[in-house]
Amino acid sequence: AVLQIEPSQGGNARVIVGLTLPADRYGPVLAAKLGELLDGRFGDGRCTVEVHWDIPTAPVQSGKSPLPGVRNVIAVASGKGGVGKSTTAVNLALALAAEGASVGILDADIYGPSQPTMLGLAGRRPTSPDGRSLEPMVAHRLQCMSMGFLVGEDQPVIWRGPMATQALNQLLGQTRWNDLDYLLVDMPPGTGDIQLTLAQQVPVSGAVIITTPQDIALIR
C-alpha cells in the first residue's frame, strides 16, 4: 500500500491510501477504521481518509509478455485430484470479483472440466464473432472458458498429451478476454503436459497450490 498525507485548511488532514488489490467492499471499512485511529494525530483538526486501489501487472517469467486483455495469470493447482481445487478456484474468482476486480477463469482440466457446472453454464456454447476466436461465457461477473463448452457432457475426451497441450493453448490464446485484472487457471491435478505448458509458455504471475492434510493428498 502507498500512504500519502496532505494538509488541508483549518488544521485538517487528508490521508490517501493506495492499494494494489481490489477493495470495493473492504476499502470503506479500512477508511473508517483509519480515520478513527488518526483523528487528533495532526493537531485539533479532523482527518479524512480516502482508499483507492489499482491492480498492477505483476512480473512474469523472463522473456514472457502478458496475455492480451489480461494483467495477471494465476494458476490454481494440486498434486492430487479431489482436494477441492476447482471449488477453491471458482470461490477465489468470485471473491476477487466481489471486491471489484475484473476476473476470468480458464478451466484447463481438459479431461474433466467442472467450471461450466459450477457456474451454472452447463450445456451452453460460446460464440465466435470472426470464426477464429471465442467470446468467453459470463456468469456471476466472471468471464469463463472451458473445454466443457466445446465437448458434450457425455462425450469422453481421449487425447494424448500434445493434443491436450494444443487445446490449452487455443483456449488461452483464442479467447477474447476483456480487460481482466486476474485470469485464474483451474489446472488439472498432477504435473503432466498441461502443467508444463503453462509453466513454460504462459506468463504466470503466481500460483496457488491446494491440498488437504491427509497423507494421500501429499504423496507423489
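This is a short walk through one protein chain, from the overall picture down to a few single residues.

Okay, before we start: this is a predicted model, so local features need pLDDT of at least 70 and side-chain atom pairs count only at pLDDT 80 or more, while totals for chains, interfaces and linings use all residues. Residues are numbered from 1 along each chain as its sequence is written, and side-chain values use heavy atoms, with hydrogens and water left out.

Right, the overview. The protein chain has six helices and nine strands; those are DSSP runs numbered from the N terminus, H or I with at least four residues for helices, E with at least two for strands. Of its 220 residues, 41% count as buried. Buried here is under 20% relative accessible area, exposed is over 50%, and partly exposed is in between, with a 1.4 Å probe and protein chains only. The accessible surface comes to about 12,000 Å², and carbon and sulfur atoms own 54% of that; areas are Shrake-Rupley with a 1.4 Å probe, and for residues only the protein chains shown count as cover. As for contacts, meaning heavy atoms within 4.5 Å, take the ones with a separation of 6 or more: 73% of them are between residues 24 or more positions apart.

Now the sheet. Have a look at the open one with six strands: the order is β6-β7-β5-β8-β4-β9, and the pairing is mixed. At the edges you find β6 and β9 (206-209), each with a single partner strand, so one side of each has no neighbour in the sheet. On average, neighbouring strands are turned by 25 degrees against each other, ignoring direction. Pairing needs at least two bridges found by DSSP between two strands. Inside the sheet, β5 and β8 run parallel and are joined by five bridges. While you're there, D107 stands opposite D186 in β8.

On to helix α2. This helix takes in residues 85-98, and its 14 residues should span 20 Å at 1.5 Å a residue, which agrees with end C-alpha atoms 20 Å apart; the expected span is 1.5 Å times one less than the number of residues. So which residues of α2 are buried? They are K85, S86, A89, V90, A93, L96 and A97. They sit on the same side of α2, because they cover an arc of only 130 degrees around the axis, an arc taken from the directions from the helix axis to the C-beta atoms. And what do they pack against? That would be β4 (70-77), β5 (103-107), α3 (115-118), β7 and β8 (180-186). The helix itself lies across β4, β5, β7 and β8, at about 170 degrees to β8; axes are lines fitted to C-alpha atoms, for helices over the stretch in contact, and angles run from 0 to 180 degrees between N-to-C directions. After α2 comes G100, with a positive phi near 105 degrees.

Speaking of positive phi, go to the loop between β6 (137-139) and β7 (142-146), where H140 sits. H140 isn't a glycine, yet its phi is about 55 degrees. R141 is in the loop between β6 and β7 too, with phi near 70 degrees, again not a glycine. Buried or exposed? H140 is exposed, at a relative accessible area of 55%, and R141 is exposed at 56%.

Last stop, E50 in strand β3 (residues 47-53). E50 is partly exposed, with 23% relative accessibility. Leaving out residues up to four places away in sequence, E50 touches R14, V15, I16 and V17. The C-alpha atoms of E50 and G27 are 8.4 Å apart, with their positions 23 residues apart along the chain.
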